[in-house]
Amino acid sequence: MRQTKNIKENLFYNILYKGIDILVLFILTPYISRVLGADGIGRYSYAFTIAGYFVLLALLGLNQYGNRTIAEVRDDKRLLSKTFWSIFTMQFIFSVCSIVLYAIYMSFFSNDREIACVFILYVISGGFDISWFYIGIEEFKKISLRNIGLKILIMLAIFVFVKNKNDLVIYVRIYSVSALCSSISLWIILSNYIELTRVSYRDVIRHVKPNLILFIPVIALSVQSFVDKIILGILVNKTELGYYDACEKVIMVPTAVIDALGIVMLPRMSYLAARQEKEKSEAYIEICILFAVIITSSAGFGIMSVANEFVPLYYGESFEKCSILLQILLPRCVLLAIANIVRTQYLLPHHMERSYIRAVYLEIVTNIVFSIVFIPYLGSVGVAIGTLIANFVICFYQCLCIRKDVPIFKYIFQTTPYLIIAVVMWIINYHIELPVDNMVLRLVFKIIIGMFIYIIGLLLMHKTTKKDFKKLIKIL
């Protein structure tokens with residue numbers, strides 16, 4: 001039997017990778033903006049987005065289906081080997097189709113063939129990406145450390161080789177080659193976990209349908225995000241789109257930890273579900289809901305409380321509207337966190353794909369309807385409101401789907417003290433006016449004040465918080 005990995009260790013390495021990823025992005029963005037310029041970044045972003053859809057076609061729903069299926073059979077090496085080669089054969093077939101289609105696009109339809117040609121390496125990398133296997137057996141340390149090392153090498157390579165606008169192709173080549181090397185590196189130690197096994201056509205074909213089912217919400221959510229921005233750009237203007245796009249990136253910070261938690265918990269919960277360990281599964285869901293709400297509410301409402309200082313300092317004076325957008329968008333973090341936990345820790349481990357897909361469709365329809373209603377009058381604020389309502393709808397619907405099996409609303413209600421503390425901190429800190437002219441100092445002071453208010457709130461509710469934190473440490 002494979003030894004069960006420690007969740008604290010897995011979560012640590014996954015959060016470490018997410019943190020390094022955001023830090024590298026934070027460091028590189030201003031450098032690349034100045035070196036390549038808006039036109040260079042635009043060419044890269046457009047070509048990368050197109051190539052990304054072909055990688056999605058290669059992987060389909062493997063990031064969820066693959067690691068869940070591997071987690072369910074990881075105790076039996078023979079079955080694990082057969083399952084891996086069956087799934088990978090399917091992945092390889094779809095990847096070949098994806099590469100051929102991309103080659104056709106690149107040759108006949110691309111309006112920037114030079115960049116598109118380099119990105120074919122990125123598309124090929126999707127065919128060799130077996131990170132889903134390592135996630136399924138909970139080997140997060142290896143893939144996290146590998147990814148961290150790769151991110152740092154990419155950053156150094158960009159600083160060394162990308163010096164002006166003419167180096168755009170070099171910039172694209174660095175990312176494409178690194179993606180391919182990253183995927184191939186996963187194969188080096190694969191023999192430590194599985195053995196070469198012959199699989200039949202029937203072994204492969206049985207994975208196609210469930211994988212395609214999980215691909216539906218992946219592509220649907222991707223298209224929804226694209227449609228939102230298209231509607232905003234058409235009905236209003238590109239400036240409003242710029243405001244909204246800039247604010248969306250801020251949400252990555254509070255939700256990064258929860259995304260990491262979801263990746264770590266999906267294989268663990270799939271493993272427990274396959275063995276019908278209901279009591280332990282519910283205990284994990286309860287404590288993860290608590291953990292997620294504490295993290296997202298404190299970070300989300302904390303950023304909201306300093307938005308007036310943060311926005312002009314980070315984006316510039318012309319982005320003042322982002323302060324308003326952040327007040328609407330950041331409460332989404334709590335809803336996204338709860339929905340993530342319900343999805344990764346119950347719906348997917350228990351093969352409730354239909355409920356998940358219905359929830360996604362409901363979110364998309366709600367978002368588009370409210371966005372179309374509000375955008376003509378409120379611009380980017382309208383999209384933000386529509387997105388917030390849609391996030392509430394998918395969160396509430398997913399909770400309804402599991403309420404008979406898991407007391408999910410009880411778990412959410414138990415987090416109320418932490419939500420109250422976060423909201424009080426936001427209200428007080430947002431309205432504090434400091435007699436400091438320097439914007440950096442004002443931001444630093446307000447962050448310290450916000451943290452102080454939040455800690456005071458925790459101390460005032462020490463009986464509840466002490467019990468919850470002990471439970472959190474024990475179960476992890």
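The following dialogue examines how several descriptions of this predicted model are justified.

Colleague: Why is N67 called buried?

Modeller: The relative accessible area of N67 is 2%, and buried means under 20%; N67 is therefore classed as buried.

Colleague: Where is N67 found, and what is N67 in contact with, leaving aside its neighbours within four places in sequence?

Modeller: N67 is found in helix α2, which covers residues 62-73. With those neighbours left aside, its contacts are L62, W132, I135, G136, L266 and P267. Each of these residues counts as a contact because contact means heavy atoms within 4.5 Å.

Colleague: How many helices and strands are there in the protein chain?

Modeller: The protein chain has 22 helices and zero strands. Of its 476 residues, 51% are buried.

Colleague: What makes the space lined by Y46 and A47 a cavity?

Modeller: A cavity is a set of points where a 1.4 Å probe fits but cannot get out. The structure holds one cavity of 30 Å³ or more, and about 30 Å³ of space lies in the largest cavity. Its lining consists of Y46, A47, Y105, S110, N111, D112 and A116.

Colleague: How do you know which residues of that lining are nonpolar, polar or charged?

Modeller: Ala and Tyr count as nonpolar, Asp counts as charged, and residues outside the nonpolar and charged lists count as polar. The lining of the largest cavity therefore divides into four nonpolar residues, two polar and one charged. D112 is the charged one, because Asp belongs to the charged class.

Key. Residues numbered from 1 in each chain as written. Predicted model: local features only at pLDDT ≥ 70, side-chain atom pairs only at ≥ 80, totals over all residues. Heavy atoms only, no water. Helix = DSSP H or I, 4+ residues; strand = E, 2+ residues; numbered from the N terminus. Buried < 20%, exposed > 50% of the residue type's maximum accessible area, 1.4 Å probe, protein only. 1 Å grid on protein atoms, 1.4 Å probe; cavity = no way out; pocket = protein on both sides within 12 Å on 5 of 7 lines; lining within 4 Å. Points joined across faces, edges and corners; volume = space filled by probe spheres on them.
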